[in-house]
Amino acid sequence: MTPEDRLDRIERIAKLFVKAGRRARRNLREQDEKINILINLHIQNEEMFAKNEEMFAKNESRFVNHDENIKVLIEFQKQNEERFRQNEERFRRNEERFARTDERFVELAESQANSDRHLNSLIEIIRDERNGAS
């Protein structure tokens with residue numbers, strides 16, 4: 001091998017080294033860009049997770065408030081049911097009173113009818129006696 005061939009060979013090897021170095025640097029830059037993209041996405045995910053945690057905490061407190069409101073509503077419902085039960089009892093007693101009053105009105109009407117008959121009979125007797133005596 002001549003010295004020129006050796007120089008040509010060394011030159012080719014140097015060119016290959018340079019190309020390989022450029023390729024490696026380009027690959028490193030691409031990897032750096034991909035790593036930066038992944039880091040940015042990770043940061044965004046962390047921020048979203050933090051927001052979600054805040055929302056979950058707010059929702060938890062709202063759920064606690066809802067639970068308390070539901071307990072109050074249940075208590076009101078129980079009170080209303082007790083009032084309805086008491087009113088039903090009053091209505092039942094009033095119905096019984098109305099039924100007794102209706103019975104008394106019937107008795108009173110019958111009594112009035114009897115009194116009217118007796119009075120009419122008495123009037124007839126008095127008329128007959130007056131007409132018969134004259």
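Which residues form a positive surface patch? The points below take up that question along with the overall form of the chain, which is a predicted model.

1. The positive surface patch is made up of Lys19, Arg22, Arg23, Arg25, Arg26 and Arg29. Arginine 23, one of its members, is placed in helix α1, and arginine 23 counts as partly exposed because its relative accessibility is 45%, a value that falls between the 20% limit for buried and the 50% limit for exposed.

2. A patch of the opposite sign should be read alongside this one. Asp102, Glu103, Glu107 and Glu110 gather on the surface as a patch of negative charge, and glutamate 110 lies in helix α1, the element that spans residues 3-133.

3. On the charges of the protein as a whole, there are 27 positive and 29 negative side chains. The centres of these two sets lie 14 Å apart.

4. As to secondary structure and overall dimensions, the protein contains one helix and zero strands. Its C-alpha atoms fill a box of roughly 185 × 25 × 20 Å when this is taken along the principal axes. The radius of gyration of the protein is 56 Å, whereas a compact globule of 134 residues would have one near 14 Å.

5. The accessibility figures belong beside those dimensions. Of the 134 residues in the protein, 0% count as buried, and the protein exposes about 13100 Å², of which carbon and sulfur atoms supply 55%.

6. Turning to pairing between side chains, the structure holds six salt bridges. In general terms, side chains of opposite charge can pair when their charged atoms come close. Three of the pairs are described in the points that follow, each with its position in the helix and the accessibility of both partners.

7. The side chains of arginine 85 and glutamate 82 meet in a salt bridge with an N to O distance of 2.4 Å. Both residues belong to helix α1, where arginine 85 and glutamate 82 are three residues apart, or about one turn of the helix. Arginine 85 is partly exposed, as its relative accessible area is 46%, and glutamate 82 is likewise partly exposed, with a relative accessible area of 33%.

8. In the pair formed by arginine 92 and glutamate 96, the closest N and O atoms of the salt bridge are 2.4 Å apart. Because arginine 92 and glutamate 96 are four residues apart in helix α1, about one helical turn separates them. Arginine 92 counts as partly exposed at 39% relative accessibility, and glutamate 96 counts as partly exposed at 36%.

9. Arginine 127 forms a salt bridge with glutamate 124, and here the closest N and O atoms lie 3.6 Å apart. Arginine 127 and glutamate 124 are both found in helix α1, with a spacing of three residues that amounts to about one turn of the helix. The relative accessibility of arginine 127 is 47%, so this residue counts as partly exposed, and glutamate 124 also counts as partly exposed, at 40%.

10. Beyond these individual pairs, Glu89, Arg92, Arg93 and Glu96 are joined into one network by salt bridges that share partners. Arginine 92 and glutamate 96, the pair whose closest N and O atoms are 2.4 Å apart, are thus to be read as members of that network.

How values were computed. Residues numbered from 1 in each chain as written. Predicted model: local features only at pLDDT ≥ 70, side-chain atom pairs only at ≥ 80, totals over all residues. Heavy atoms only, no water. Patch = residues over 30% accessible without salt bridge, like charges linked within 9 Å, V, L, I, M, F, W, Y side chains within 5 Å. Areas by Shrake-Rupley, 256 points an atom, 1.4 Å probe, with all protein chains shown as cover. Salt bridge = Lys/Arg side-chain N within 4 Å of Asp/Glu carboxyl O. Lys, Arg positive; Asp, Glu negative; His and termini not counted. Charge placed at Lys NZ, Arg CZ, Asp CG, Glu CD. Helix = DSSP H or I, 4+ residues; strand = E, 2+ residues; numbered from the N terminus. Buried < 20%, exposed > 50% of the residue type's maximum accessible area, 1.4 Å probe, protein only. Rg over C-alpha atoms; globule rule 2.2 N^0.38 Å.
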